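Trainee: Got a minute to go through a model with me?
Mentor: Sure, pull it up and ask away.

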Amino acid sequence: MEQIDLVELRIPRKPEFVSVARLAVSGIAGRMDFSYDEVEDIKLAVGEACTSAMKSGSLESASSPITIRCESDPHRISIEVLDHAHPNPRGNRNVNPPADEPISRLLMEVLMDEVDVKEDEDGIVSVRMTKYVSGDEA
């Protein structure tokens, strides 16, 4: 049975902390069998997910952190970016997403092997991205 390593990071909803999330994830991915270019792709995808989360919150949510969970095993890295600061729970949404959200989503999908975006009933948005080590894609 392979062990899954989990690292969780909470960052303030401020652009200057996106680099902290990118650095943490690149440190984890760098220990794995990813190429330099794959590590850079992972960092860029994490930056896009964090930036999208920051842009989607309301003014009242400025103090709400963004959570980044990184799970890794020898075959893959999965990163989940959780945005707890959506202004309205599901069903009450009347807020337009940021104009560049479709571009960010497309970029994440190009850079990572799997991307899944979900919103729960409390309005928490989860972006889960997975990158497989070359030749290990399930």
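Mentor: Let's talk through one residue and then the sheet around it.

Mentor: This is a predicted model, so local features need pLDDT of at least 70, side-chain atom pairs count only at pLDDT 80 or more, and totals for chains, interfaces and linings use all residues. Residues are numbered from 1 along each chain as its sequence is written, and side-chain values use heavy atoms, leaving out hydrogens and water.

Trainee: Where is E80 found?
Mentor: E80 is in strand β3, residues 76–83. Strands are DSSP runs of E, at least two residues, and helices are runs of H or I, at least four, numbered from the N terminus.

Trainee: Is E80 buried or exposed?
Mentor: Buried, because its relative accessibility is 15%, and buried means under 20% relative accessible area with a 1.4 Å probe, protein chains only.

Trainee: Which side chain makes a polar contact with E80?
Mentor: That of S126, at 2.6 Å. A polar contact is a pair of N or O atoms within 3.5 Å; within protein, one must be able to donate a hydrogen and the other to accept it, and residues adjacent in sequence count only if both atoms are side-chain atoms.

Trainee: New topic: what is the strand order in the sheet?
Mentor: The five strands run β1-β2-β3-β5-β4 in an open, antiparallel sheet. β1 (5–11) and β4 (114–119) are at the edges with a single partner strand each, so one side of each has no neighbour in the sheet.

Trainee: And how many bridges join β3 and β5?
Mentor: Eight, in the antiparallel sense; strands pair if DSSP finds at least two bridges between them. One of the bridge partners is V125 in β5, opposite D83.

How values were computed. Buried < 20%, exposed > 50% of the residue type's maximum accessible area, 1.4 Å probe, protein only.
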